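Reader: Hey, can we go through the salt bridges in this one? I'd like to take them pair by pair.

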Amino acid sequence: RWLSEYRLIVHCGGCMINRKEMLHRIAEARNSGTPITNYGIAISHVHGVLDRVLSPFPLEREILKTGLGDR
């Protein structure tokens, strides 16, 4: 698949597409083995505040810390 040529997909928030289309895009990325994130998460990481941004989401925060999300 052509998506496998990329190391990371940084997607918009998807406000102009429906849920089904966004889930399809995520599935395509997953099937190609290419990680996908959105601009908000990417920008938070670049600015060093991702841990604080994820504080309301303890499970996701733990996944990030343990590296389980790399699978």
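Reader: Which residue does Arg-25 form a salt bridge with?

Author: Arg-25 pairs with Glu-21, and their closest N and O atoms are 2.9 Å apart. Keep in mind that this is a predicted model.

Reader: Ok, and where do those two lie?

Author: Both are in helix α1, which covers residues 19–32. Arg-25 and Glu-21 are 4 residues apart there, about one turn of the helix.

Reader: Is Arg-25 buried or exposed?

Author: Arg-25 is partly exposed, at a relative accessible area of 33%. Glu-21 is partly exposed too, with 30%.

Reader: New topic: how many salt bridges are there by this rule?

Author: The count is 3.

Reader: So what does Arg-61 pair with?

Author: Arg-61 forms a salt bridge with Asp-51, with 2.8 Å between the closest N and O atoms. This pair links distant parts of the chain: Arg-61 sits in helix α4 (residues 58–66) and Asp-51 in helix α3 (residues 50–53), 10 residues apart.

Reader: And Lys-65, which residue is its partner?

Author: Lys-65 forms a salt bridge with Asp-51, the closest N and O atoms being 3.8 Å apart. Lys-65 is in helix α4 and Asp-51 in helix α3, so this pair ties together parts that are 14 residues apart in sequence.

Reader: Which residues are linked in a network, then?

Author: Asp-51, Arg-61 and Lys-65 are linked by salt bridges into a network.

Reader: Is Lys-65 buried or exposed?

Author: Lys-65 counts as exposed, at 54% relative accessibility. Arg-61 is partly exposed at 24%, and Asp-51 is partly exposed at 33%.

Technical notes
Residues numbered from 1 in each chain as written. Predicted model: local features only at pLDDT ≥ 70, side-chain atom pairs only at ≥ 80, totals over all residues. Heavy atoms only, no water. Salt bridge = Lys/Arg side-chain N within 4 Å of Asp/Glu carboxyl O. Buried < 20%, exposed > 50% of the residue type's maximum accessible area, 1.4 Å probe, protein only.
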